[in-house]
Amino acid sequence: MIQGTIKGILAGLCISIGGSVFLSCESKVVGAIFFCVALLAICMFGFALFTGKVGFLAVNHTKTDFRDVLTSLLGNFIGCVLFGLMIQVGAPKLISAAQVICTAKLAQTVWEALIRAFFCGVLMYAAVWIYRNKNSISAIFFCVPVFILSGFEHSIANMFYFAVSGYFTWEALIYIVLIVIGNSVGGLFIPMMLKLCEEKKA
């Protein structure tokens, strides 16, 4: 459990770096492309990112697998809050940019948030599945910019943005929970549909 939490915190560090470069770029396209450094580092180092792990529960769902996913979520939260607060101090110019983003996120309806989170979950599962099974990082450089430029919602990145913005409210917490749910359903969607396509053994 401790190991999973630590790897989750390290994944939170990577997401915080990716989020920082996105907030720093005037061009949303450029920022979305450079955000890829986060998932690339997470996959290469083998860190634990909730949105990259939850979809695989469709195939591997032992108590240990569920525990690993939950500890990664805890570690991601700790990491994003910790490093988000550090960015507040070290790069205060990013606070206003994060506040603009977070204000827009909180203005969404419940269904808008859930649907946008669902599609992000699909893309994150695809990126990590291709990395694991095809030994290719190509999907990372497509799936990450696509979810950002489409306005889809990533729960862990949002934890970082809210930490930087200083929006520590119940409304923000409920919003994050909604995005976690949406990301989870989206991440599980492809593997669950594929399981339905498998031929039943005689």
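**View 1. Glutamate 153 and lysine 105 join in a salt bridge.** In this predicted model, the two side chains meet at 2.7 Å, taken from N to O. Glutamate 153 sits in the loop between α8 and α9 while lysine 105 belongs to helix α6, so the pair ties together parts that are 48 residues apart in sequence. Have a look at how covered the partners are: glutamate 153 has 2% relative accessibility and counts as buried, and lysine 105, at 12%, counts as buried too. As a general background, side chains of opposite charge can pair when their charged atoms come close.

**View 2. Arginine 67 and aspartate 68 form another salt bridge.** The structure holds two salt bridges, and here the side chains of arginine 67 and aspartate 68 meet at 3.6 Å, N to O. Are these partners buried or exposed? Arginine 67 has 40% relative accessibility, so it counts as partly exposed. Aspartate 68 is also classed as partly exposed, because its relative accessibility is 28%.

**View 3. Helix α9 is mostly covered.** Of its 11 residues, 11 are buried. Among them you will find Ile156, Met159, Phe160, Tyr161, Phe162 and Val164, along with Ser155, Asn158 and Ser165. What do the buried residues of α9 pack against? Their neighbours are α1, α4 (50–53), α5, α6 and α10. Just after α9 comes glycine 166, whose phi is positive, near 85°.

**View 4. The largest nonpolar core has 54 residues.** Good residues to pick out first are Ile15, Phe35, Leu39, Leu49, Val144, Ile156 and Tyr161, which have the most contacts inside this core. The elements that give two or more residues to the core are α1 (2–24), α3 (36–45), α5 (63–90), α6 (93–106), α7 (110–134), α8 (140–149), α9 (155–165) and α10 (170–197). Which of these gives the most? That is α7, with 10 residues. In soluble globular proteins, nonpolar side chains tend to be buried together.

**View 5. Leucine 39 shows the core from a single residue.** Leaving aside residues up to four places away in sequence, leucine 39 touches Leu49, Met124, Ala127, Val128, Ile140 and Val144. Two of these partners, Leu49 and Val144, are listed with Leu39 among the residues with the most contacts inside the largest nonpolar core.

**View 6. The largest cavity has a volume of about 40 Å³.** The count comes to one cavity of 30 Å³ or more. Its lining is made by Ile15, Phe35, Ala38, Leu39, Leu49, Met124, Val144, Phe147 and His154. The elements that give two or more residues to this lining are α3 and α8. By type, the lining residues divide into eight nonpolar, one polar and no charged. Leu39 appears here again as a lining residue, and its contacts Leu49, Met124 and Val144 line the cavity as well. Rolling a probe the size of a water molecule over the atoms shows where empty space is left.

**View 7. Asparagine 135 has a positive phi.** Where does asparagine 135 lie? Look for asparagine 135 in the loop between α7 and α8. Its phi is near 50°, a positive value in a residue other than glycine. With 70% relative accessibility, asparagine 135 counts as exposed, because that class begins over 50%.

How values were computed: Residues are numbered from 1 along each chain as its sequence is written. This is a predicted model: local features need pLDDT of at least 70, side-chain atom pairs count only at pLDDT 80 or more; totals for chains, interfaces and linings use all residues. Side-chain values use heavy atoms; hydrogens and water are left out. A nonpolar core is a set of buried Ala, Val, Leu, Ile, Met, Phe, Trp, Tyr and Cys residues joined through side-chain atoms within 4.5 Å. Buried means under 20% relative accessible area, exposed over 50%, partly exposed in between (1.4 Å probe, protein chains only). Helices (H or I, at least four residues) and strands (E, at least two) are DSSP runs, numbered from the N terminus. Contact means heavy atoms within 4.5 Å. On a 1 Å grid over the protein atoms alone, a cavity is a set of points where a 1.4 Å probe fits but cannot get out, and a pocket is an open set with protein on both sides within 12 Å along at least five of seven lines; lining residues have an atom within 4 Å of a point. Grid points are joined across faces, edges and corners, and a volume is the space filled by probe spheres set on the points. Ala, Val, Leu, Ile, Met, Phe, Trp, Tyr, Cys and Pro count as nonpolar, Asp, Glu, Lys and Arg as charged, and the others, Gly among them, as polar. A salt bridge is a side-chain nitrogen of Lys or Arg within 4 Å of a carboxyl oxygen of Asp or Glu.
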